[in-house]
Amino acid sequence: MPESQTEHIDYYPSGWNEEIHDQYYVEWVYDDDPTILVRLDGTMGEGDYSVVPITGVNSDGEEFVTSPISQLSEEEAFAVAETLIYAMNGTAGRVKGEAEFTGDQDGS
């Protein structure tokens with residue numbers, strides 16, 4: 001697993017890329033489909049971080065944004081982002097049939 005260059009996350013899953021735009025704006029992008037990402041935005045100020053899971057882009061170029069989680073502290077925002085990255089990674093791995101994520105399936 002790659003080591004995070006952020007202060008609050010130690011590692012993130014292989015197959016993702018960490019893009020640090022500045023200390024208040026970070027994205028973790030899924031390598032197999034760069035329209036899938038988790039965005040952490042703290043540019044609104046302390047105590048007003050948001051985390052946005054993005055699951056694709058439509059034909060007009062608009063991001064599919066699920067409900068942003070807002071008004072988080074810095075530590076909370078990084079914890080939420082880390083949870084979403086691992087959840088999205090596990091879901092993608094399961095859908096792709098990767099053995100690491102399909103142990104409870106019998107193959108039928």
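**A walk around strand β4**

V51 sits opposite I69 in β6. That pairing is a handy place to step into this predicted model, since V51 also turns up in the largest nonpolar core, among the residues with the most contacts inside it.

Let's stay with β4 for a while. The strand covers 49-57, and it is mostly tucked away: of its nine residues, seven are buried. Look sideways from β4 and you meet several partners. With β6, β4 runs antiparallel, and two bridges join them. β5 is also antiparallel to β4, again with two bridges; here V57 has E63 of β5 as its bridge partner. β4 and β5 make a hairpin, with five residues between the two strands. In that turn, have a look at G61, whose phi is positive, at about 85°.

Now for β3, which is antiparallel to β4 and joined to it by six bridges. One pairing to pick out is L37, whose bridge partner in β4 is I54.

Right beside L37 in the numbering is I36, also in strand β3. How far apart are I36 and G56 in space, C-alpha to C-alpha? The gap is 5.2 Å, although the two are 20 residues apart in sequence. If you set aside the neighbours within four places in sequence, I36 is in contact with W16, W28, V29, Y30, I54, T55, G56 and M88. Click through that list and you will find I54, the residue that bridges to L37, and W16 and W28, which are both among the residues with the most contacts inside the largest core.

That brings us to the core itself. It has 18 residues, and besides V51, W16 and W28, the ones with the most contacts inside it are V38, L40, A77 and A81. Which elements give two or more residues to it? They are β2 (25-30), β3 (36-41), β4 and α1 (74-95). The largest share comes from α1, with seven residues.

To finish, leave the core for the loop between β5 (63-65) and β6 (69-72), where you will find S67. Is S67 buried or exposed? Its relative accessibility is 60%, so S67 counts as exposed, the cut-off for that being over 50%. Its C-alpha is 7.8 Å from that of P53, a residue 14 places away along the chain.

Technical notes. Residues numbered from 1 in each chain as written. Predicted model: local features only at pLDDT ≥ 70, side-chain atom pairs only at ≥ 80, totals over all residues. Heavy atoms only, no water. Core = buried A, V, L, I, M, F, W, Y, C linked by side-chain atoms within 4.5 Å. Buried < 20%, exposed > 50% of the residue type's maximum accessible area, 1.4 Å probe, protein only. Helix = DSSP H or I, 4+ residues; strand = E, 2+ residues; numbered from the N terminus. Contact = heavy atoms within 4.5 Å. Pairing = 2+ DSSP bridges.
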